[in-house]
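Colleague: I've got a two-chain model open and I'd like to learn how to read it properly. Could you walk me through it, one feature at a time?

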Amino acid sequence: MSAPKPYGLMAEFVNTSSVIHAAEQVRDAGFRKWDVFTPFPIHGMDKAMGLKNSKVGWFSFLGGVTGYTSGMLMIWWMNAVDYKIVVGGKPMFSPFGAFPPSYELTILLGAFGAIGGMLFLNRLPRLHHPLLKNKRFGGCTHDKFFIVIETTDPKYSESETRKLLEAAGSKHIEMVEE
Amino acid sequence: MSATAPDLKVPMPPPELERIPLVQNNRSFGWITDRVVAVTEGKAPLWWWAAFIPSATLMSILGAMLLYQISTGVGVWGNHHPTMWGWDIINFVWWIGIGHAGTLISAILFLLRQRWRTAVNRAAEAMTIFAVMCAGIFPAMHVGRVWYDWFLFPIPTANALWPQFRSPLMWDVFAVSTYFTVSVLFWYVGLVPDLAIMRDRAKTKIRQFLYGLFALGWTGSNRHWSNYEKAYLILAGLSTPLVLSVHSIVSLDFAVSQLPGWHTTIFPPYFVAGAVFSGFGMVLTLLIPLRTMCKLEDIITMRHIDVMCKVTLATGCIVSYAYVMEFVIAWYSGAAMERFHFMNRALGPMWWGWVMMMSCNMLVPQLFWFKKVRHNLIFVWILSILVNIGMWFERFVIVVVGLYREFLPSNWGYFKPTWVDIMTYLGTFGLFFTMFLLFMRFLPMIAISEVKGVTPQSDPHHPLAGGNGNGGKH
């Protein structure tokens, strides 16, 4: 077995204020392959990291449109084309009668889109991650905050990056292996 | 280092305007994890077994009753001409109504930025899912030949027949199955970060494996949180019209018919308000004992109980308005049958159903106007049970009283439930409580990461988080 490859430099922070300020500094230093890990979403962190608005909405919108049109088409085809049954003299197809099931399908497929889109954009499920092997990183779901800068980032240099994170206020910095 | 604390310059609100904190006693992030997860760790306490064994017994009685009903036929229930719908539909509407509070808390209160919801939403959503499971049993069973239930879905078969989409019963199939699916997904998405907490704390291999599997490899990455929060917001936005539509469509099962007492336009909003009313009753019934048993008083605080009592009061008033308005419209319409139905509702042989409904749903919640009542846990708990009894009788009045005196007096009848009706209904409580007790033993019953997000130290500007306390400027 070869020696484990380094994955990235992990810096621990103890409160939300220090981690958000550190994130702003990492962002301004121009890093690309880095991330902040927190036990809960911190308000303002997207801006501090320079992230754009999430694209999940588009997936959900597509799901919703698919749901509504397929509902309407399905009901029209089933009750007005493929097998006509007269019920109480009502029209074979009416958008009003077909609306409730189509509406429910809009919501159902919209929800599938939102969740599927979220998982796809996050590349989840992922059952292995270098950070999840790290003992100290377990604190991330408890009460600690982390910034990880990957070694593959073009701006990465072991000593300089470590200095940056130290200056940003981290009391514990360690190298995480692949 | 100076001997005095640094001058933080936090503008303090006057004491009478100060908000009661959502998490009491300034608990830390770590304390919240430890306290909530403690419910699932270690040996199950004695009270848990004392609740679980009777629940599981009742659940097996439900199984026996359903088996008996399937093997013998719907005749084992009290349904007969003219009351072709009986306890089956009452119980269906009652259970599905209870579910509505969970979705209201998780979706509508999220959109309204009611941050107190975080303490109760997980348990309330679990309640929704289990209540819809109990509800689903009844329509599936009442068709008689359960093995043909798949006819309800538009599946291509050799019969070349399709469901008839002009019927509100068909709309109901879509509404309820969508409601169940979306509720489960919403609940699960909310659970993912908390499952990661469970994974990171797991001591045994099997817990590590299972929580790890269902946590989907969640790391708490902010790039993930960004998409996650958007998806959560969209799910809340989709669940809001969903929950309003579900009980509206359930009410259309009645309102689209031509029967006096059923054929009214007030039904959809009235049913939705009633559903939320009964659901909050059930949330209070469940959470008041649980917060004490699981020592969660700092997370589910008196403020939470107080707010939920107020929601119960508000929805109770909407329902009361609908009860009165039904009578007014019956009188105003001048329709003889409509007038007869409402006279019969209040003064006919089943007057006691109406009296139960009016006293439990109209009078009982009025007590919530008083702060003394809202802060007396035992009193609130008893009132919350009365609310659920009242809401059961509301459906009894609509279903049975709506049917047993129909247009031709020669068709009049009376309704009596059989022992199978009663045991099946009690059995659904077994299913509900068994599921709920298993849920609280194996999953975090409080949304841990959401509760952490509403503590003062989660705000980077707050002095407790190391911020300088002057809002937007760093």
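Modeller: Sure, we'll go through confidence, the interface, one residue in chain A, and then some salt bridges.

Colleague: Where do I start with confidence?

Modeller: Keep in mind that this is a predicted model, so look at the scores before the geometry. Here the model has an ipTM of 0.93 and a pTM of 0.92. For chain B, the average pLDDT is 91, and 96% of the residues score at least 70.

Colleague: OK, the interface next. How many residues of chain B are in contact with chain A?

Modeller: Count residues on each side, then look at area. In this case 61 residues of chain B touch 71 residues of chain A. Together the two chains bury about 5,600 Å², and 66% of that is on carbon and sulfur atoms.

Colleague: And what is the count of salt bridges between chain B and chain A?

Modeller: That count is one. The partners are R223(B) and D35(A), with N to O at 3.9 Å. The cut-off is 4 Å, so keep that in mind when you read the 3.9 Å of this pair. For polar contacts, the rule finds 29 residue pairs across the interface, both residues at pLDDT 80 or more.

Colleague: Which elements of chain B give two or more residues to the side that touches chain A?

Modeller: They're α1 (29–38), α5 (168–201), α6 (205–214), α7 (222–255) and α15 (448–453) of chain B. The biggest giver is α7(B), with 17 residues. By residue type, that side of chain B splits into 29 nonpolar, 22 polar and ten charged.

Colleague: Let's zoom in on A111(A). Is it buried or exposed?

Modeller: For that you read relative accessibility. A111(A) counts as buried because its value is 0%. The residue belongs to helix α4 (residues 95–121) of chain A. Then ask what surrounds it: setting aside neighbours within four places in sequence, A111(A) is in contact with V182(B), L235(B) and L238(B). Within chain A, the C-alpha atoms of A111(A) and G64(A) are 7.9 Å apart, with their positions 47 residues apart along the chain.

Colleague: Back to salt bridges. How many are there over all chains?

Modeller: The rule gives 16 over all chains. Take E12(A) and R136(A), whose closest N and O atoms are 2.7 Å apart. For any pair, check sequence separation too: E12(A) sits in strand β1 (residues 6–13) of chain A and R136(A) in the loop between α4 and β3 (145–150), 124 residues apart. Then check accessibility at each end. E12(A) is at 8% and therefore counts as buried, while R136(A), at 36%, counts as partly exposed.

Colleague: What about chain B? Which residues do shared salt-bridge partners join into one network?

Modeller: D34(B), E41(B) and R201(B). Build it up pair by pair. R201(B) and D34(B) come first, with closest N and O atoms 2.7 Å apart. R201(B) is in helix α5 and D34(B) in helix α1 of chain B, so this pair ties together parts 167 residues apart in sequence. D34(B) has 35% relative accessibility, so it counts as partly exposed.

Colleague: And the other pair?

Modeller: R201(B) also meets E41(B), at 3.2 Å, N to O. E41(B) lies in the loop between α1 and α2 (46–72) of chain B, so this bridge links parts 160 residues apart in sequence. At 28%, E41(B) counts as partly exposed as well.

Definitions and conventions: Residues numbered from 1 in each chain as written. Chains lettered and ligands numbered in written order. Predicted model: local features only at pLDDT ≥ 70, side-chain atom pairs only at ≥ 80, totals over all residues. Heavy atoms only, no water. Contact = heavy atoms within 4.5 Å. Buried area = accessible area lost by both parts, 1.4 Å probe. Salt bridge = Lys/Arg side-chain N within 4 Å of Asp/Glu carboxyl O. Polar contact = N/O pair within 3.5 Å; in protein donor to acceptor, adjacent residues only side chain to side chain. Helix = DSSP H or I, 4+ residues; strand = E, 2+ residues; numbered from the N terminus. Nonpolar A, V, L, I, M, F, W, Y, C, P; charged D, E, K, R; others polar. Buried < 20%, exposed > 50% of the residue type's maximum accessible area, 1.4 Å probe, protein only. pLDDT = per-residue confidence, 0-100.
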